[in-house]
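Me: I would like to understand how the terms used for a protein model are justified. Could we take them one at a time, setting each value against its definition?
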Amino acid sequence: MTTTPTTATTATGRTSGTALPLAAGVLTGILALYIALVALGNITDFGTNQQFVRHVLAMDTTFKDDDLMWRAVTSTALQDTAYVLIIVWETVAALVLVTGTWFWARRDHDRARRLSTYGLLMLVLLFGAGFIAVGGEWFAMWQSKTWNGLDAATRVFLLSGVALIVNQLPGAVRRDAS
């Protein structure tokens, strides 16, 4: 077994000592904590963000341009279904990211990277495709001064993207050299 100056071999034969897996684990853990708190908040305080989703989908605080208003979803049943699906997606993403973080902590880098990638892609899809593209553009959320979540969605999208890139860097997964 060979080692490089940045790695050391432990008694179990695992290599350790590089900061990249640590960075990937920390970033994954931060996003796991964040989305777990978001999901918990949406479950325990269902009504607050329910109103947010209802107003965005109804487009009732946009410029009300006739060329766009046909996109509005005014059925509360459909609005609430969308909100519940968002909460389910957030909860699953949180569980996947918590598991990925756990594998980073155990130095099982292959599983950690795989699960972290899945969870981070779930966040990229939710915040990028869901909130920025669909909410922001299709439902014209950018036009609302009251119900506009684009800044928050952009922050999470960018942080998730950075974490995803760090997770995908070649040194984030350490392999024993034989």
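Me: Why is Arg54 called partly exposed?
Reply: The relative accessibility of Arg54 is 22%, and since buried means under 20% relative accessible area, exposed means over 50%, and partly exposed covers what is in between (1.4 Å probe, protein chains only), Arg54 counts as partly exposed. This is a predicted model, in which local features need pLDDT of at least 70 and side-chain atom pairs count only at pLDDT 80 or more, while totals for chains, interfaces and linings use all residues. Residues are numbered from 1 along each chain as its sequence is written, and side-chain values use heavy atoms, with hydrogens and water left out.

Me: What makes the pair of Arg54 and Asp80 a salt bridge?
Reply: A salt bridge requires a side-chain nitrogen of Lys or Arg within 4 Å of a carboxyl oxygen of Asp or Glu, and the closest N and O atoms of Arg54 and Asp80 are 2.7 Å apart, so the pair meets the rule. Arg54 lies in helix 2 and Asp80 in helix 3, so the salt bridge ties together parts that are 26 residues apart in sequence. Helices here are DSSP runs (H or I, at least four residues), as are strands (E, at least two), and they are numbered from the N terminus.

Me: How do you know that Arg111 forms a salt bridge with Asp108?
Reply: Their closest N and O atoms are 3.4 Å apart, which the same rule accepts. Arg111, with a relative accessible area of 41%, is partly exposed, and Asp108, at 22%, counts as partly exposed too. By this rule the count comes to 2 salt bridges.

Me: What makes the span of helix 1 close to the expected one?
Reply: The expected span is 1.5 Å times one less than the number of residues; helix 1 (residues 19-44) has 26 residues, for which 38 Å is expected, and it reaches 37 Å from its first C-alpha to its last.

Me: Which elements help to cover the buried residues of helix 1?
Reply: Among the buried residues of helix 1 are Pro21, Leu27 and Ile35, and the cover includes helix 2 (46-58), helix 3 (76-105), helix 4 (109-138) and helix 5 (150-168).

Me: How confident is the predictor in this model?
Reply: On pLDDT, the predictor's confidence in each residue from 0 to 100, the protein averages 91, and 88% of the residues score at least 70. Over residues 1-11, however, pLDDT stays under 50.

Definitions and conventions. Contact means heavy atoms within 4.5 Å.
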